[in-house]
Amino acid sequence: EAGEADHDGDYIVEGIAHLREGGQTTVVAMMQDAGKARWLVGPPNSEEWYVVAPVAGHGLSGEPPRNITRERGTYSLMRRGQASAACTGHHGRPELPRVATYVFSGGGKDVLWLERWDHDVVLGEGRTIEAHAVTFLPGS
């Protein structure tokens with residue numbers, strides 16, 4: 001409930017990827033709300049999360065460039081890393097033990113989240129939101 005109409009919703013988590021790099025784990029929750037797919041990305045105790053929409057047909061492969069231009073503008077590489085991966089549920093990722101992760105900033109709150117699984121690249125485009133805008137309810 002961050003006041004972002006494109007990203008707010010009552011999502012059901014369908015899959016989760018736990019990406020462990022050094023002593024920190026980043027969670028990528030694959031969510032759906034009435035056909036609207038989003039990924040919630042961040043460490044569980046973070047003050048900020050990324051809410052990104054999966055981007056199909058992005059045309060990226062291999063090591064990504066330092067700048068990526070999309071319809072909303074140009075994004076610059078802020079951070080990259082290598083993580084061990086453990087995925088559960090309907091996550092849509094390859095069944096590989098390692099992943100390279102990349103965060104690109106588009107200025108302001110715009111963000112790209114990119115995962116490179118060997119030759120497969122998944123990309124999400126969205127916004128940074130404050131953690132207090134995210135509420136988790138128990139599931140069954």
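The paragraphs below go through the strand pairing around β3 and then the salt bridges of this predicted model.

Residues are numbered from 1 along each chain as its sequence is written, and in this predicted model local features need pLDDT of at least 70, while side-chain atom pairs count only at pLDDT 80 or more and totals for chains, interfaces and linings use all residues. Side-chain values use heavy atoms, with hydrogens and water left out.

A convenient place to begin is strand β3, which covers residues 36-42; strands (E, at least two residues), like helices (H or I, at least four residues), are DSSP runs numbered from the N terminus. Five of the seven residues of β3 are buried, so this strand is largely enclosed by the rest of the structure, where buried means under 20% relative accessible area, exposed means over 50%, and partly exposed lies in between (1.4 Å probe, protein chains only). Two strands are said to pair if DSSP finds at least two bridges between them. On one hand, β3 pairs with β2 (residues 24-33) in the antiparallel sense over seven bridges, and within this pairing A29 has L40 in β3 as its bridge partner. The hairpin of β2 and β3 has two residues between the strands, and A34 takes a positive phi near 50° there. On the other hand, β3 pairs with β4 over three bridges, again in the antiparallel sense, with W39 opposite V52 in β4; the hairpin that β3 and β4 form has five residues between them.

The charged side chains come next. A salt bridge is counted when a side-chain nitrogen of Lys or Arg lies within 4 Å of a carboxyl oxygen of Asp or Glu, and by this rule there are seven salt bridges. One of them joins R116 and E63 at 3.1 Å, N to O, and links distant parts of the chain, since R116 belongs to strand β8 (residues 110-117) and E63 to the loop between β4 (48-54) and β5 (67-70), 53 residues apart. E63 counts as partly exposed, because its relative accessibility is 42%.

Another salt bridge, between R70 and E125, has an N to O distance of 3.2 Å and connects strand β5 with strand β9 (residues 120-130) across 55 residues. Here R70, at 26% relative accessibility, counts as partly exposed, whereas E125, at 10%, counts as buried.

D110 and R127 also meet in a salt bridge, at 2.6 Å, N to O; D110 lies in strand β8 and R127 in strand β9, so the pair ties together parts that are 17 residues apart in sequence. Both D110 and R127 are buried. Finally, salt bridges with shared partners join E63, R80 and R116 into one network.
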